[in-house]
Amino acid sequence: MSLQLFFDALALGGIYAIAALGIALIFGVMKLVNFAHGQFIACAVFALILPSTDAMAVLGLGRLPALVLVPVMLAFGAGLALLAEALVFRPMRNASPVALMVGSFALGVALQNLLLVLYGGRPKAVSLWAELGHPVQVGPAEVPLLQLIVIAAVLAILLGLAVMLRRTRIGLEMRAAAEDFAMARMLGVRANRVISGAFALSGGLAAVVALVLVAQTGVADVRMGGQIMLVAFIATVVGGMGSLSGAVAAGLGIGAVSALLQAGLPAEARPFRDAFLYGGVILVLLFRPQGLFASAGSKPRV
Amino acid sequence: MSKLAVHDLAVRYGKLTALAEVSFTVAEGERVFISGPNGAGKSSLLSALAGAVRAAHGRIEMDGDILSGLGPEAIARRGLSMVPEGRRIFAGLTVQENLMVGTGMRRDRGAVADDLETVFNAFPILRERARAPAGALSGGQQQMLAISRALMTNPKVILVDEPSLGLAPKVVDEVYDRLTDLQTLRGLTMIIVEQSSARAARVGGRMLLMRSGRIVADGDATGFAARDLLTEAYFGAPT
């Protein structure tokens, strides 16, 4: 395997892993598959540019220097997710998981249409951090600087999240709540605090995905959240619903297999890359329907 | 004044009445056993006290504060802690993490380390396995962990649902020895669901006998084992 391919696989898989984590975090604590996560990503993408229905995008927030822009975007994503929790999911707190899921679909459609009204339906060219496209020599391979930054950022986020979950009070409460929410509450763990924490983290991760998508593709499209949401959702299923490490592993795996297929398939089979990829997903689920890493909370308790 | 007062409590699941017209009071430091056949409403009563199920009717007071209507976390914060049926330990967390989950709400952070020492002294196996995943513990050890986890919240009232379920008799002896030691040490008020009236009589305390969602008898546990009331609760009054 060439070094170039290794970096491609890691960067793509890393983004899938971050998106999958955004879904797994919320599923873990409240058994909600948040299908609006893709629209959280799309909203964060469009937050970078000024509202207008013109074909040319004018940078708004995106004009800020990166050191300011990144925290502002994280805050935007977290704020949007918290708002969605307070307005949509909190009133539905005691509803069945199916009703919650339908609610998240409704929220997603509403957000997508809000973007259509504000920005129009045509994809727009956005130039964010164009200078990061320069290739850098890494051993025998030439890798875009952006790819290295994405890989470093993904690793830093995964590490930071792991430390937060293992070492902090809110992390402990989130892990306990993911296993048995009702029991955690009987030990004084505040349901609102844990759920808000999960939504804020999830929204922040959506903003990270948005930044990377825009920087990599240079496009803002109302529909762009849907595709990555699909992959991220599949990753959480393959990883085992509710298992954070499973979501990360499956996200990385899907990204890696996708990059490998892209490079390894004969040219005439390449348009069917996704068919091969999802065929593999079906095979995995045939043999392990509970996912690769079934979480402790989903096991039957004796 | 009584520590805990339950007045005309009712719990319903849909159309099914699990608990009706339940009234009793518990004095500070008292040990109360709740016994009765399956489906008598014992676990529903504990769940209602802990706020895990909502009462359809009635009032629960602790130290004169009304608990009914509060969420489980608010009730836990007022000093009522639950050792639930089936133990419900967090299997993926370590033993020590399990013990720490309930300490987040405590104001007396300094006393948490002392309390950890107390439960480790009461159950040395938990100290030995502190860093092991709780799911790797045996059933008896998990029961000890669930009791210790409840104690770490620094409760005034502790509810224990069937601590002997699925445990070997010798382990049950040990669990009860530690429970009574800790109760004395901490001056706890304790309500224990226990199927075996012989066991309750041996440990000693008051007993409430339940049948079909109601309390049918209330008295000293030692007197119950021999009395007809027990047979009556299980098989109905002779007509």
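**Exercise 1. Burial and pairing of a strand in chain B**

How many of the five residues of strand β3 (residues 31-35) of chain B are buried? Establish this in the predicted model, and then work out how the side chains and the neighbouring strands are arranged.

*Solution.* Step one is the burial count: five of the five residues of β3(B) are buried, and the strand is therefore mostly covered. Step two sorts the residues by direction: R31(B), F33(B) and S35(B) point one way from the strand, V32(B) and I34(B) point the other way, and all are buried. Step three looks for the partners. β3(B) pairs with strand β8 (residues 189-193) of chain B in the parallel sense over four bridges, and within β8(B) the bridge partner of R31(B) is M190(B). β3(B) also pairs with β9(B), again in the parallel sense and over four bridges, with F33(B) standing opposite M207(B).

**Exercise 2. An open sheet in chain B**

Determine the strand order of the four-stranded open sheet in chain B, and identify its edges.

*Solution.* Begin with the order, which is β2-β1-β4-β5 in chain B, with antiparallel pairing. The edges follow from the strands that pair on one side only, and these are β2 (16-26) and β5 (65-66) of chain B. For the pairing inside the sheet, take β1(B) and strand β4 (residues 57-62) of chain B, which are joined in the antiparallel sense over five bridges; L4(B) stands opposite M62(B) in β4(B).

**Exercise 3. Positive phi values**

Where in chain B do D8(B) and S212(B) lie, and are they buried or exposed?

*Solution.* As background, most residues other than glycine have a negative phi. D8(B) nevertheless has a positive phi near 55°, and its place is in strand β1 (residues 4-13) of chain B. Its neighbour count is 12 other C-beta atoms within 10 Å, so D8(B) is exposed, given that 12 or fewer is the cut-off for that class. S212(B), which is likewise not a glycine, has a positive phi of about 50° and is placed in the loop between β9 (206-211) and β10 (214-220) of chain B. With 16 C-beta neighbours inside 10 Å, S212(B) counts as partly exposed.

A further case can be taken from chain A, where strand β2 (residues 135-138) and strand β3 (residues 141-144) pair in the antiparallel sense over four bridges. V138(A) stands opposite A141(A) in β3(A), and in this hairpin, which has two residues between the strands, G139(A) takes a positive phi near 60°.

**Exercise 4. A loop proline and its distant partners**

Which residues does P133(B) touch, leaving aside those up to four places away in sequence?

*Solution.* First locate P133(B) in the loop between α5 (124-128) and α6 (139-151) of chain B. Next list its contacts, which are A91(B), G92(B) and T94(B). The C-alpha atoms of P133(B) and G92(B) are separated by 5.8 Å, although the two residues are 41 apart along the chain. Finally, the surroundings of P133(B) hold 17 other C-beta atoms within 10 Å, so it is partly exposed.

**Exercise 5. Overall form and core of chain A**

Characterise the fold of chain A from its elements, dimensions and core.

*Solution.* Chain A has eleven helices and four strands. Its radius of gyration is 19 Å, close to the 19 Å given by the globule rule for 302 residues, so chain A is as compact as a globular protein of that length. The C-alpha atoms fill a box of roughly 55 × 45 × 35 Å along the principal axes, and 47% of the residues count as buried. The largest nonpolar core has 166 residues, of which A20(A), V45(A) and V209(A) touch the most other members; helix α1 (residues 3-30) of chain A supplies the largest share, 19 residues.

A last step checks confidence: the mean pLDDT of chain A is 89, and 97% of its residues reach 70 or more, but over residues 296-302 the pLDDT is below 50. Where pLDDT is low, the predicted coordinates should not be read in detail.

**Exercise 6. The contact between the chains**

Which element gives the most residues to the side of chain A that touches chain B?

*Solution.* The contact takes 19 residues from chain A and 24 residues from chain B. On the chain A side, the elements giving two or more residues are α6 (169-179) and α7 (181-186), and α6(A) gives the most, with six residues. By class, this side has ten nonpolar, one polar and eight charged residues.

Definitions and conventions. Residues are numbered from 1 along each chain as its sequence is written. Chains are lettered from A and ligands numbered from 1 in the order in which they are written. This is a predicted model: local features need pLDDT of at least 70, side-chain atom pairs count only at pLDDT 80 or more; totals for chains, interfaces and linings use all residues. Two residues are in contact if their C-beta atoms, placed from the backbone, lie within 7 Å. Ala, Val, Leu, Ile, Met, Phe, Trp, Tyr, Cys and Pro count as nonpolar, Asp, Glu, Lys and Arg as charged, and the others, Gly among them, as polar. The radius of gyration is taken over C-alpha atoms; the globule rule is 2.2 Å times the number of residues to the power 0.38. A residue is buried if 20 or more other C-beta atoms lie within 10 Å of its own, exposed if 12 or fewer, and partly exposed in between; C-beta atoms are placed from the backbone. pLDDT is the predictor's confidence in each residue, from 0 to 100. A nonpolar core is a set of buried Ala, Val, Leu, Ile, Met, Phe, Trp, Tyr and Cys residues joined through C-beta atoms within 7 Å. Two strands pair if DSSP finds at least two bridges between them.
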